[in-house]
Amino acid sequence: QVQLVESGGGLVQPGGSLILSCAVSRVRFNINAMGWYRQAPGSQREVVAVITSGGTANYSDSVKGRFTISRDNAKNTVYLQMNNLKPEDTAVYYCNIKYGFGGQLDGWGQGTQVTVSS
């Protein structure tokens with residue numbers, strides 16, 4: 001089974017920074033895209049950032065200019081550098097991959113908690 005393991009979450013004050021990482025293993029198909037989603041308490045899961053196999057990154061408007069997504073193909077790992085964190089960024093962050101022919105398959109990590117609070 002494909003495995004995605006996130007790390008790097010924690011408690012940070014507003015304006016602080018965190019970097020999340022997600023290591024993907026046991027995937028035997030091409031990965032079309034890797035991304036980060038988040039879910040705040042009582043809210044729907046929403047996309048934060050996605051990076052394609054070609055290295056093109058897209059961000060939600062709420063994080064543009066503050067977050068940077070990157071991937072290391074050699075390590076099969078995707079990162080999310082989060083700067084100038086705001087309380088509204090508080091959520092469980094989930095790593096996601098779309099893989100297989102046409103990217104039809106979804107893989108999800110277990111989630112890592114990010115809490116932005118004074």
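Two rings of Phe, Tyr or Trp (its six-membered ring) count as an aromatic pair if their centres lie within 6.5 Å; planes under 30 degrees apart are called stacked, over 60 edge-to-face, and the rest tilted. Keep that in mind for the first exercise. The model you see here is predicted.

**Exercise 1. Aromatic pairs**

Find out how many aromatic pairs the structure holds, and classify each of them.

*Solution.*

Step 1. The structure holds 2 aromatic pairs.

Step 2. Take Phe29 and Tyr99: their ring centres are 6.3 Å apart and the planes make an angle of 40°. That angle is neither under 30 degrees nor over 60, and the pair is tilted.

Step 3. Now place the two residues. Phe29 sits in the loop between E3 and E4, while Tyr99 belongs to strand E9, so this pair ties together parts 70 residues apart in sequence. Tyr99 has a relative accessible area of 10% and is buried.

Step 4. Turn to Tyr37 and Trp108. Here the centres are 5.0 Å apart with 65° between the planes, which makes the pair edge-to-face. This pair also links distant parts of the chain: Tyr37 is in strand E4 and Trp108 in strand E10 (residues 105-108), 71 residues apart.

Step 5. Are Tyr37 and Trp108 buried or partly exposed? The cut-off for buried is under 20% relative accessible area. Tyr37, at 15%, is therefore buried. Trp108, at 36%, counts as partly exposed.

**Exercise 2. An open sheet and its edges**

Work out the strand order of the open sheet that contains E1, and explain why E1 and E7 are its edges.

*Solution.*

Step 1. The sheet has 4 strands in the order E1-E3-E8-E7, with antiparallel pairing.

Step 2. Strand E1 (3-7) and strand E7 (67-72) each have a single partner strand, so one side of each lacks a neighbour in the sheet. On average, neighbouring strands here are turned by 15° against each other, direction ignored.

Step 3. Go through the pairings. E1 and E3 are antiparallel and share 5 bridges, and Glu6 stands opposite Cys22 in E3. Strand E3 (residues 18-25) is joined to strand E8 (residues 77-82) by 6 bridges, again antiparallel. Within that pairing, Ile19 stands opposite Gln81.

Step 4. Finally, look at the side chains along E1. Leu4 and Glu6 point to one face and are buried, whereas Gln3, Val5 and Ser7 point to the other face and are not buried.

**Exercise 3. The surroundings of strand E4**

Decide how enclosed strand E4 is, and identify strands that pair with E4.

*Solution.*

Step 1. Count the buried residues: 7 of the 9 in strand E4 (residues 31-39) are buried, so the strand is largely enclosed by the rest of the structure.

Step 2. One partner is strand E9 (residues 91-99), which runs antiparallel to E4 and is joined to E4 by 8 bridges. Arg38 stands opposite Tyr93 in this pairing.

Step 3. Strand E5 (residues 46-52) is also a partner, pairing with E4 in the antiparallel sense over 6 bridges. Gly35 stands opposite Val50 there.

Step 4. E4 and E5 form a hairpin with 6 residues between the strands, and Gly42 in that hairpin takes a positive phi near 75°.

**Exercise 4. One loop residue**

Where is Ser60, and which residues does Ser60 touch, not counting those up to four places away in sequence?

*Solution.*

Step 1. Ser60 lies in the loop between strand E6 (57-59) and E7.

Step 2. With a relative accessibility of 17%, Ser60 is under the 20% cut-off and therefore counts as buried.

Step 3. Leaving out residues up to four places away in sequence, Ser60 touches Val47 and Val48.

**Exercise 5. The whole chain**

Describe the chain as a whole, starting with its helices and strands.

*Solution.*

Step 1. The chain has 0 helices and 11 strands. Its radius of gyration is 14 Å, close to the 13 Å from the globule rule for 118 residues, so the chain is as compact as a globular protein of that length.

Step 2. The C-alpha trace spans about 45 × 25 × 25 Å along its principal axes.

Step 3. Of the 118 residues, 40% count as buried. The chain exposes about 6,300 Å², and carbon and sulfur atoms supply 48% of that area.

Step 4. Among contacts between residues at least 6 apart in sequence, 54% join residues at least 24 apart.

Terms used. Residues numbered from 1 in each chain as written. Predicted model: local features only at pLDDT ≥ 70, side-chain atom pairs only at ≥ 80, totals over all residues. Heavy atoms only, no water. Pairing = 2+ DSSP bridges. Helix = DSSP H or I, 4+ residues; strand = E, 2+ residues; numbered from the N terminus. Axes fitted to C-alpha atoms, helices over the stretch in contact; angles between N-to-C directions. Buried < 20%, exposed > 50% of the residue type's maximum accessible area, 1.4 Å probe, protein only. Contact = heavy atoms within 4.5 Å. Rg over C-alpha atoms; globule rule 2.2 N^0.38 Å. Areas by Shrake-Rupley, 256 points an atom, 1.4 Å probe, with all protein chains shown as cover.
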